[in-house]
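Hi there,

Here is the structure I promised to pass on to you. Have a look at it first, and then read on for what turned up.

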Amino acid sequence: MKRIYDFSRNPAQRNYTVADLKALKGSGKTLTMCNPADRDQIIACVEAGIDLFVVGTDQMEDIRELAPTHFTGAGSSWAQFGSDDEIIAHAFEAMRRGADMYYTLRSFDVMERLASEGIPVQSHIGLIPTFSHHYGGLRAFGRTAEEALQVWDTLKRMEDVGVFAVEVE
């Protein structure tokens, strides 16, 4: 267990830190991450030994009560905010409420702004259900060489703007 200060400078403990997760890159170690929808699911995830969480900001109090040491990201749905400034403000609020990272699908500019403010950023590439209408419906993404290179290029661009973790689907 790692001793940390959260974004609001409160002493806390976490099972993983951003540095720990970065150090695992290429190690072959597999972690589990869940998106529990309510208190009962949070409890079930803790009992099942899930390593990491990503939840809505409105769930942070429940997470910190029921799983106080779990590394947890908070984020927003794609269309929840209309402007970049609203997203940045939401990210700061999520971090103040106990999040360890912010999960966003928004632009590279937003990701870079968040990272430059010291907010650890996770994003998502490949099959993104929100964008399925762009690709003719839900389907595997990255099976052709062209799509695989597009995923790779997107991943490298995310890395360049400061994203430290990416969900690949």
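A crossover counts as right-handed if, with the strands pointing away from the viewer, the path from the first strand over the helix to the second runs clockwise. By that rule, β7, α6 and β8 form a right-handed β-α-β unit. Please keep in mind that this is a predicted model.

Let me start with the sheet. It is open and has six strands, in the order β3-β4-β5-β6-β7-β8, with parallel pairing. The edges are taken by β3 (33-34) and β8, each with a single partner strand, so one side of each has no neighbour in the sheet. At the β3 edge, two bridges join β3 to β4 in the parallel sense, and methionine 33 stands opposite leucine 52 of β4. Helix α4 packs on the sheet, where it touches β5 (71-75) and β6; the direction of α4 makes about 140 degrees with that of β6. At the other edge, β7 and β8 (residues 165-168) run parallel and are joined by four bridges. Serine 123 has valine 166 in β8 as its bridge partner.

Next, helix α5, residues 108-116. Which of its residues are buried? They are Val110, Met111 and Leu114. Viewed down the axis of α5, the buried residues fall within an arc of 100 degrees, so they line one face of the helix. Their cover includes α4 (84-96), β6 (101-103), β7 (121-125) and α6 (145-161). Just after α5, glycine 118 adopts a positive phi of about 90 degrees.

The packing of α5 with α6 may interest you too. The two helices meet at an angle of about 35 degrees, and their axes are 8 Å apart. On the α5 side the contact is made by Phe108, Met111, Glu112 and Ala115, and on the α6 side by Thr154, Arg157, Met158 and Val161. These residues divide into five nonpolar, one polar and two charged. Met111 thus appears twice in this account: it is buried, and it takes part in the contact with α6.

One last item, from a loop. Is glutamine 59, between β4 (52-56) and α3 (60-66), buried or exposed? Its relative accessibility is 12%, and the cut-off for buried is under 20%, so glutamine 59 counts as buried. Leaving aside residues up to four places away in sequence, glutamine 59 touches Pro36, Ala37 and Asp38.

Happy exploring, and all the best!

Methods. Residues numbered from 1 in each chain as written. Predicted model: local features only at pLDDT ≥ 70, side-chain atom pairs only at ≥ 80, totals over all residues. Heavy atoms only, no water. Buried < 20%, exposed > 50% of the residue type's maximum accessible area, 1.4 Å probe, protein only. Arc of directions from axis to C-beta. Contact = heavy atoms within 4.5 Å. Pairing = 2+ DSSP bridges. Axes fitted to C-alpha atoms, helices over the stretch in contact; angles between N-to-C directions. Nonpolar A, V, L, I, M, F, W, Y, C, P; charged D, E, K, R; others polar.
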